[in-house]
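Please read this briefing alongside the sequence and the model. The points are grouped by topic.

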Amino acid sequence: MNEFDIETLAVRAGYDQTPEQENSETIFPTSSFRYESAAQAAARFGGDEPGNIYSRFTNPTVRTFEKRLALMEGGESCVGTASGMSAILSTFMGHCKAGDHIVSSQSIFGTTKVLFTKYLAKFGVDVSFVSQTDISEWQAAIQENTVALFLETPSNPLTDIADMQALSQLAKANDCLLIVDNCFCTPVLQRPLEQGADIVIHSATKFIDGQGRGIGGAVVGSAELIEEPVRGFMRTAGPTMSAFNAWIFLKGLETLPVRMKAHCENAMQLALWLTEHPAVEKVFYPGLKSHPQYELAQKQQSAGGGLVTFTVKGGKDNAWLVIDSTQMLSITANLGDVKTSITHPATTTHSRVEPEARLKAGITDNLVRVSVGLESIEDIKADLARGLDQLIA
Ligand SMILES: *Cc1c(COP(=O)(O)O)cnc(C)c1O
């Protein structure tokens, strides 16, 4: 189905209808599969005959999700995993050994940082953290033993854009992989493989589900980089996506293009409105011309995305007042949901970062992050105005 547009792939790709002729994808909640004979069992186990064996590593619903997401990202292979974190773990377990080194943007998901510094480090894999946007820092951090460059773009919460084409050239020149966590944009807004990335990682928990129901993840890339290293680890270690969750994410993919469009439209309108509000100091949104990397964002992404971050005039108390004055928005650190969520990064998602490092990274106490959902934009604005208007009264 390679020749179809992404909206069509999202709805139809990857599914083999069963003899029941159902129109909607079936769930296969079965742990194992039966063979017609001992010879067939032997052939399946020996890898001589393709087919289902055991749902830790072969399940038709998971496979449909994997095929569909692979086509949407423009990758050959995809492995579904139990969570976004296990997608990251499986990728690095598959591609790193003791003595290897990774260069990572410092502006990545906090738990990913902990995975690198607390757990991969125990097994002799070192990570250097560098600026999301300064290519010379990436270059300077690369060592003989560097096997991968890792990033998310736009960054959370400040929406800094990493230049994937420049970093892909750097990775190629140094014989290492460029690995991109594409959670915020999804393939609808940005396809990192087309920009030179080697591997794309997802937390399906966020926009791919989009309705807050399941935890899951995925890794996409060429068959060579995915099948033996990553699927091999996944099938052996078992951070498997369940059939139920794969079905949720499949249904999520069907509406992902229209949802992303609506998230971006609402987010753009909110960003423009916040820019005009006298209680707001600064707005961070890649769709705004005032974003320092507006041009790069325009080149890499088809729209600004669903996350809008802003600082209020004053400090933490004012940021908390805006959050606590909302009546409709969900106060939660989750993102990518149809329900708009609001969070105070300095005391939640980034509270484990040392205060000095946090400030250096721009996560100030007056910073508020909104993951813009699909409610009426007028209602979202009105809910934020409850607190913002008090600050100018
Ligand atoms: C949430 C998130 C993850 C982790 O995903 P889980 O599904 O929660 O394990 C990884 N990367 C990014 C950018 C995220 O936002």
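The notes below cover an annotated lysine, the ligand site, a buried histidine and the nonpolar cores. The model is predicted. In the UniProt record, an unreviewed entry, Lys206 carries the feature "modified residue: N6-(pyridoxal phosphate)lysine". A polar side-chain atom of Lys206 is placed 2.7 Å from an oxygen atom of the ligand.

**Lys206**

- Lys206 sits in the loop that runs between β6 (199-203) and β7 (217-221).
- The relative accessible area of Lys206 is 13%, so this residue counts as buried, the cut-off being under 20%.
- Beyond residues up to four places away in sequence, Lys206 touches Cys183, Asn334, Leu335 and Gly336.

**Ligand site**

- The residues around the ligand are Ser83, Gly84, Met85, Phe109, Glu152, Asp181, Cys183, Phe184, Ser203, Thr205, Lys206 and Gly216.
- Cys183 is among the residues surrounding the ligand, and Cys183 is also touched by Lys206.
- In the side chain of Thr205, an N or O atom is 2.6 Å from an oxygen atom of the ligand.
- Gly84 takes part through its backbone, where a polar atom is 2.9 Å from an oxygen atom of the ligand.

**His202**

- His202 belongs to strand β6.
- With a relative accessible area of 1%, His202 is buried.
- The side chains of His202 and Glu73 are joined by a polar contact of 2.6 Å.
- Leaving out residues up to four places away in sequence, His202 touches residues including Leu69, Glu73, Ala87, Asn182, Thr186, Pro187, Ile208, Gly217 and Ala218.
- His202 also touches Gly84, Cys183 and Gly216, and these three are among the residues that surround the ligand.

**Nonpolar cores**

- The largest nonpolar core holds 57 residues, and Phe65, Phe310, Leu384 and Leu388 have the most contacts inside it.
- Helix α10 (residues 243-276) supplies the largest share of this core, with 12 residues.
- Both domain 1 (6-252) and domain 2 (257-392) contribute at least three residues each to this core.
- Phe310 is in contact with Leu384 and Leu388, apart from neighbours within four places in sequence.
- Other contacts of Phe310 include Leu274, Val280, Lys282, Val283, Phe284, Val322, Asn366, Leu367, Val368 and Val370.
- A second core, separate from this one, has 22 residues, among them Leu120, Ile199, Leu225 and Met234.

Methods
Residues are numbered from 1 along each chain as its sequence is written. This is a predicted model: local features need pLDDT of at least 70, side-chain atom pairs count only at pLDDT 80 or more; totals for chains, interfaces and linings use all residues. Side-chain values use heavy atoms; hydrogens and water are left out. UniProt positions are given in the numbering used here, feature names are shortened, and annotations may be inferred rather than shown by experiment. Helices (H or I, at least four residues) and strands (E, at least two) are DSSP runs, numbered from the N terminus. Buried means under 20% relative accessible area, exposed over 50%, partly exposed in between (1.4 Å probe, protein chains only). Contact means heavy atoms within 4.5 Å. A nonpolar core is a set of buried Ala, Val, Leu, Ile, Met, Phe, Trp, Tyr and Cys residues joined through side-chain atoms within 4.5 Å. Domain bounds come from an automatic or database domain assignment. A residue is near a molecule or strand if one of its heavy atoms lies within 4 Å of it. A polar contact is a pair of N or O atoms within 3.5 Å; within protein, one must be able to donate a hydrogen and the other to accept it, and residues adjacent in sequence count only if both atoms are side-chain atoms.
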